[in-house]
Amino acid sequence: MKKKIDFLDLGSQPLANSYLKKNDFNKKEKKYRLKVCFNKVTKLVSIKKTFSSKIMFNNKYPYRSSMSNTMNFSFKKLAQNIKFNYKPKKILEIGSNDGSFLKNFDKKKTIGVEPCTNVEKITKKLKFNTIGKYWDTRLAKNILKKFNKVDLVYSANTITHIKNLDDVFKAINIVLSDNGILIIEDPSLLECLKRNTYDQFYNEHIYVFSYTALKNILKKHKLEIFKIETLEVHGGSNRYFIKKDNNKRKIDLSVKKNEVLENKYGIDKASTYLKFSKRVKKSKEKLSNIFKKCKKNNKKIIGYGATAKSTTILNYCKIDNKIIDYFVDTTEAKQSKYTPGTKIFIKKYIGYIENDVDYIFLGAWNFQKEILAKEKQFIKKGGKFIIHTPYPKII
Ligand code: JHZ
């Protein structure tokens with residue numbers, strides 16, 4: 001029996017966060033075939049072709065997690081919950097980015113690990129204890145020597161970006177105290193399938209976790225999920241609360257609830273993924289037709305939020321600078337650059353949408369609520385948004 005099946009082919013893609021400068025246009029862009037597979041034994045969903053961490057996460061990394069109020073609020077709320085319920089003496093964050101989570105804690109109590117040193121610099125400047133290295137067992141041993149054990153490890157949207165998951169959890173076990181807690185959050189595979197958000201697949205997202213697959217990996221490392229919170233952030237995420245398996249902490253009902261939901265949906269069955277793949281093809285057709293129709297009627301379309309996710313959509317659906325005039329984005333590191341593959345210019349967000357814009361393609365659809373609330377003026381003037389989830393439509 002073949003262990004892995006390829007269920008989705010998202011075509012030729014550039015690296016999702018490799019925004020281009022004008023003088024990059026005459027260089028050949030790095031491209032790869034984005035295929036997604038399902039492992040029938042481990043139930044893990046992963047992309048087929050992977051790149052080294054050094055290529056993806058380095059001192060030119062553009063993403064800043066503090067760029068949305070939604071995420072800042074989510075981190076703040078979690079920090080309050082951690083302080084109240086677990087009272088940790090030492091917290092380690094893997095993938096601390098620009099410190100949007102760590103900022104909620106006392107500097108003396110935290111250690112951040114962030115290999116993208118351009119971003120790590122931001123928290124370092126604020127005098128947070130951050131280490132500009134990749135998370136692995138070697139680093140964990142050094143941290144243990146220098147700081148001793150920690151009683152809370154947190155990681156948001158990072159573990160799924162590291163290929164060697166066995167090493168990730170081995171390293172966590174090195175630094176985590178016996179009564180310690182590991183909290184990880186990532187987009188939920190179940191939500192991705194339900195909402196047809198195929199753009200959760202790109203080179204950085206080596207895996208999209210289901211509870212079912214994560215539980216299997218953790219078991220190998222004597223770790224156990226004791227609670228799951230479902231979050232709306234990043235298009236539907238799961239926050240897993242994990243303990244060492246010999247710790248007697250009570251298993252919350254939310255664990256069983258998630259297991260039942262995933263089983264009911266058929267998360268462990270190959271046929272579920274083949275059905276998803278068919279829906280993705282239909283989604284591409286529908287989205288392309290919406291754009292074609294708008295262009296036929298001479299409408300001006302711009303993009304909002306040049307996300308890593310939208311790199312997948314734009315390149316898969318072949319939506320380029322002939323269709324979208326420009327993107328607006330609040331991230332300085334993306335401004336005055338061009339979207340990977342499709343070469344759409346990214347402008348600085350000036351606080352409002354220019355008058356001649358008819359439609360906005362919501363690249364940052366995961367912040368729909370926050371963005372629509374901000375763009376009341378545009379909506380009032382009759383402006384509309386194009387969104388691809390759960391199915392392509394104009395809102
Ligand atoms: P956002 C990144 O993905 C990469 P992306 C990474 N691989 C990952 O897993 C997730 O983050 C967590 C802009 N914006 O968060 C800011 C506005 O311009 O969906 C960002 O560039 N105005 C680590 O890139 C982008 O949109 C706004 O009002 O898919 C959002 O990117 C808001 C709210 C955002 O992540």
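This section describes strand pairing, aromatic contacts and charged side chains in a predicted model.

Four strands form an open sheet in which the order is 1-2-3-9 and the pairing is antiparallel. Strand 1 (4-14) and strand 9 are the edge strands, each pairing on one side only. Within this sheet, strand 2 and strand 3 run antiparallel and are joined by three bridges. Cys 37 has Ser 46 in strand 3 as its bridge partner. In general, the strands of a sheet pair through backbone hydrogen bonds, and the pairing is either parallel or antiparallel.

Parallel pairing is found around strand 15 (residues 359-362). Strand 12 (residues 301-304) runs parallel to strand 15, and four bridges join the two. Strand 16 (residues 384-387) also runs parallel to strand 15, to which it is joined by three bridges. Phe 361 takes part in both pairings: in strand 15 it is the bridge partner of Gly 303, and its own bridge partner in strand 16 is Ile 386. The side chains of strand 15 point in two directions, with Tyr 359 and Phe 361 on one side and Ile 360 and Leu 362 on the other. All four of these residues are buried.

Aromatic contacts were examined next. A search of the whole structure finds 19 aromatic pairs. One of them is formed by Tyr 32 and Phe 51, whose ring centres lie 5.1 Å apart. The planes of these two rings are at 80 degrees, so the pair is edge-to-face, given that an angle over 60 degrees is counted in this way. Tyr 32 belongs to strand 2 (residues 31-39), whereas Phe 51 lies in the loop between strand 3 (45-47) and helix 1 (53-56). The pair therefore ties together parts that are 19 residues apart in sequence. Both residues fall under the 20% limit for burial: Tyr 32 counts as buried because its relative accessibility is 5%, and Phe 51 counts as buried because its relative accessibility is 11%.

A second pair consists of Tyr 86 and Phe 241, with ring centres 6.3 Å apart and planes at 40 degrees, so this pair is tilted. Tyr 86 is placed in the loop between helix 2 (69-85) and strand 4 (91-94), and Phe 241 in strand 11 (residues 237-244). The contact therefore ties together parts that are 155 residues apart in sequence. Tyr 86 and Phe 241 are both buried. In addition, one aromatic cluster is formed by Phe 7, Phe 38, Tyr 273 and Phe 276.

Aromatic rings also meet charged groups. The ring of Phe 226 has the charged end of Arg 249 over it, 5.3 Å from the ring centre. Similarly, the charged end of Lys 343 sits over the ring of Phe 25, at 5.4 Å from its centre.

Among charged side chains, the search of the whole structure finds 20 salt bridges. Asp 268 and Lys 269 form one of them, with an N to O distance of 3.8 Å. Both partners are partly exposed, with relative accessible areas of 29% for Asp 268 and 44% for Lys 269. Another salt bridge joins Lys 300 to Asp 325, where the closest N and O atoms are 3.9 Å apart. This pair links distant parts of the chain, 25 residues apart. Lys 300 lies in the loop between helix 9 (270-296) and strand 12, and Asp 325 in the loop between helix 10 (308-316) and strand 13. Lys 300 counts as buried at 19% relative accessibility, while Asp 325 is partly exposed at 34%.

Lys 322 and Asp 320 also form a salt bridge, with 3.4 Å between the closest N and O atoms. Lys 322 is exposed, its relative accessible area being 66%. Glu 185, Lys 227, Glu 229 and Arg 239 are joined into one network by salt bridges that share partners.

Two further glutamates were examined. Glu 204 is located in the loop between helix 6 (189-194) and strand 9 (207-208). Glu 204 is buried but has no salt bridge, and the nearest side chain of opposite charge, that of Lys 334, is 8.9 Å away. A polar contact of 2.8 Å is nevertheless made between the side chains of Glu 204 and Asn 17. Glu 332 lies in the loop between strand 13 (326-329) and strand 14 (345-348). Glu 332 is exposed, with a relative accessible area of 68%. Its C-alpha atom is separated by 12 Å from that of Val 119, although the two residues are 213 residues apart along the chain.

Note on methods
Residues are numbered from 1 along each chain as its sequence is written. This is a predicted model: local features need pLDDT of at least 70, side-chain atom pairs count only at pLDDT 80 or more; totals for chains, interfaces and linings use all residues. Side-chain values use heavy atoms; hydrogens and water are left out. Rings of Phe, Tyr and Trp (its six-membered ring) pair if their centres lie within 6.5 Å; planes under 30 degrees apart count as stacked, over 60 as edge-to-face and the rest as tilted. Buried means under 20% relative accessible area, exposed over 50%, partly exposed in between (1.4 Å probe, protein chains only). A charge sits over a ring if NZ of Lys or CZ of Arg is within 6 Å of the ring centre and within 35 degrees of the ring normal. Two strands pair if DSSP finds at least two bridges between them. Lys and Arg count as positive and Asp and Glu as negative; His and the chain ends are not counted. A salt bridge is a side-chain nitrogen of Lys or Arg within 4 Å of a carboxyl oxygen of Asp or Glu. A polar contact is a pair of N or O atoms within 3.5 Å; within protein, one must be able to donate a hydrogen and the other to accept it, and residues adjacent in sequence count only if both atoms are side-chain atoms.
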